[in-house]
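Subject: Structure for you to look at

Hi,

Here is the structure I promised to pass on. Have a look at it first, then read on for what I found.

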Amino acid sequence: PVVQQQKKRQTARAADFSILDVVVGEIISIEVHPNADSLYVEQIDCGEDEPRTIVSGLRKFYEAEELVRQKLLVIKNLAPKNTRGVVSHGMVYCTSNSDHTEVKLVAVPEGSVPGDKV
């Protein structure tokens with residue numbers, strides 16, 4: 001029974017992940033959020049006509065200069081979310097340790113360009 005429950009959870013997680021629209025993005029510009037010291041507001045090229053505005057909590061972990069022109073993974077098919085007065089149109093995909101004291105961008109496949117599906 002325990003093994004079956006674990007398999008069901010793993011299958012559910014895999015199924016949940018498969019519905020995400022994850023693409024390669026490239027940060028074009030980045031600013032400190034005007035209403036939140038711990039957030040950045042990024043303009044990210046996701047291979048669309050216009051860059052996406054995305055609000056992220058990367059400020060505690062990266063300097064803005066490290067992120068400009070950085071390729072990363074973006075989850076596109078999330079509902080727009082107003083984050084302290086700035087509407088975010090997606091999410092930057094990262095990993096972290098268990099206590100969230102370290103956060104890292106997920107590496108993109110070599111040779112990827114903005115808009116490539118992952």
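One thing to start with: does K76 count as buried or exposed? Bear in mind that this is a predicted model. K76 has a relative accessibility of 16%, and the cut-off for buried is under 20%, so K76 counts as buried.

As for where to find it, K76 is in the loop that links β4 (71-75) to β5 (81-83). Leaving out residues up to four places away in sequence, K76 touches D21, V23, C46, E48, R52 and H89. With one of these, E48, there is a polar contact: the side chains of K76 and E48 come to 3.2 Å. If you want another distance to check on screen, the C-alpha atoms of K76 and I54 are 9.8 Å apart, with the two positions 22 residues apart in sequence numbering.

D21 deserves a look as well. D21 sits in a loop too, the one between α1 (2-18) and β1 (22-32). Its relative accessible area is 19%, so D21 is buried. Apart from residues up to four places away in sequence, D21 is in contact with V74, I75, K76, N77 and K117.

Now for the pockets. The largest pocket has a volume of about 290 Å³. It is lined by 16 residues, and the ones closest to its centre are V55, K81, S88, G90 and M91. Three elements each give two or more residues to that lining: β3 (52-56), β5 and β7 (91-96). Of these, β7 gives the most, with three residues. By type, the lining of the largest pocket splits into 10 nonpolar residues, five polar and one charged.

Finally, the chain as a whole. You'll find two helices and eight strands in the protein chain, and from the N terminus the order is α-β-β-β-α-β-β-β-β-β. The chain has 118 residues, of which 34% are buried. Taking contacts with a separation of 6 or more, 54% are between residues 24 or more positions apart. The protein chain exposes about 7,700 Å², and carbon and sulfur atoms supply 51% of that area.

If you only have a minute, I'd go to the K76 and E48 side chains, then to the pocket lining around β7.

Cheers

Definitions and conventions. Residues numbered from 1 in each chain as written. Predicted model: local features only at pLDDT ≥ 70, side-chain atom pairs only at ≥ 80, totals over all residues. Heavy atoms only, no water. Helix = DSSP H or I, 4+ residues; strand = E, 2+ residues; numbered from the N terminus. Buried < 20%, exposed > 50% of the residue type's maximum accessible area, 1.4 Å probe, protein only. Contact = heavy atoms within 4.5 Å. Polar contact = N/O pair within 3.5 Å; in protein donor to acceptor, adjacent residues only side chain to side chain. 1 Å grid on protein atoms, 1.4 Å probe; cavity = no way out; pocket = protein on both sides within 12 Å on 5 of 7 lines; lining within 4 Å. Points joined across faces, edges and corners; volume = space filled by probe spheres on them. Nonpolar A, V, L, I, M, F, W, Y, C, P; charged D, E, K, R; others polar. Areas by Shrake-Rupley, 256 points an atom, 1.4 Å probe, with all protein chains shown as cover.
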